[in-house]
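User: I am new to this structure and would like a close look at a single part of it, the salt bridges. Please take me through them in one connected answer.

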Amino acid sequence: MRTCKEISKLVSESLDRELPLRERMAMRLHLMMCSLCRTYSHQMRQLRSVLKKASDVETPTEQTLSEEARLRIKQALKKEE
Amino acid sequence: MAEVSPTELDPEVWVDEHGDALYSYALSRLNNPASAEDVVQETLLAALKSGKSFSGRSSARTWLIGILRHKIVDLIRKESREQPHEEIETAESPEEEFFDRKGRWGIKPVEWQVNPGKILEQKEFMAVLFQCMEHLPDRLHRLFVLRELEDQDSDFVCKELGITPTNLWVMLHRARMRLRGCLTENWFGANE
């Protein structure tokens, strides 16, 4: 029987590759019986979907270029013109 | 469609119109103001050289972000090659925090009581999400951004960062454990 720690790793891994049959079965069996790992697994999927959406946002947080950087970039662009 | 106004091709105007947005985007992926400023500059230079013009601000923005994404992936790749790899085993592991010695949950997961689809509309959530990512150690941050935000597959990330798939999976697991903990603490838990 695998531990929750081991299962948590398999759950994460399943987001990055198709698990070998043996691991997949072990994970499913454990998840059927363990509500804590089920919650964790659900959160991993929620995290994935939140990140997927966050990755499409063009302005994730409001940051502003410093005046120095703004000037520097403008000068670099003018040189190229 | 309206004619392209001449000001839109003026690099100065570009910096004023798109600079902050590009910078925000870059900073959210690179975690380092100086690198973020550099890729913004490179992006605008590449845009200028291409000589392409747009009839609207939003289509120009989308196009610029597209260029920026490539520059970001390139830079992450470069930075990770320049930094020597620490042994994976010594990289900080959050597992001890969450599990006891027998591998059972020490800090038990509690269902998040919110619909993640909806919370994304909230700016505050977004800020917390990116802050939590910022707190990842550099190496985890880099591979996590490539994998999850830039949607690169495992093979690509392994190849570009010069790591084995096993290391990648271990590190992605650690990054996710940390993020899960951080979001629980700073958003889902705090909102109860």
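Analyst: What follows is a walk through the salt bridges, with a short setting beforehand.

This is a predicted model, in which local features need pLDDT of at least 70 and side-chain atom pairs count only at pLDDT 80 or more, while totals for chains, interfaces and linings use all residues. Residues are numbered from 1 along each chain as its sequence is written, chains are lettered from A and ligands numbered from 1 in the order in which they are written, and side-chain values use heavy atoms, with hydrogens and water left out.

Chain A holds 4 helices and 0 strands, where helices (H or I, at least four residues) and strands (E, at least two) are DSSP runs numbered from the N terminus. Of its 81 residues, 44% count as buried; buried means under 20% relative accessible area, exposed over 50%, and partly exposed in between, with a 1.4 Å probe and protein chains only.

A salt bridge is a side-chain nitrogen of Lys or Arg within 4 Å of a carboxyl oxygen of Asp or Glu, and by this rule the count over all chains comes to 22. One of them joins the side chains of A:Asp16 and B:Arg147, with N to O at 2.8 Å. This pair crosses between chains, from the loop between helix H1 (4–13) and helix H2 (21–33) of chain A, where A:Asp16 lies, to helix H7 of chain B, which holds B:Arg147. A:Asp16 counts as buried at 10% relative accessibility, and B:Arg147 counts as buried at 10% as well.

Another salt bridge links B:Glu37 and A:Arg72, whose closest N and O atoms are 2.8 Å apart. B:Glu37 belongs to helix H2 of chain B and A:Arg72 to helix H4 of chain A, so this pair also joins two chains. Here B:Glu37 is buried, at 12% relative accessibility, whereas A:Arg72 is partly exposed, with a relative accessible area of 40%.

Within chain A, the side chains of A:Arg70 and A:Glu67 meet in a salt bridge of 3.4 Å, N to O. Because they are 3 residues apart in helix H4 (residues 67–80) of chain A, A:Arg70 and A:Glu67 are separated by about one helical turn. A:Arg70 counts as buried at 10% relative accessibility, while A:Glu67 counts as exposed at 52%. Both residues also belong to a network of salt bridges that links them with A:Lys74, A:Lys78, B:Glu12, B:Asp16 and B:Asp20.
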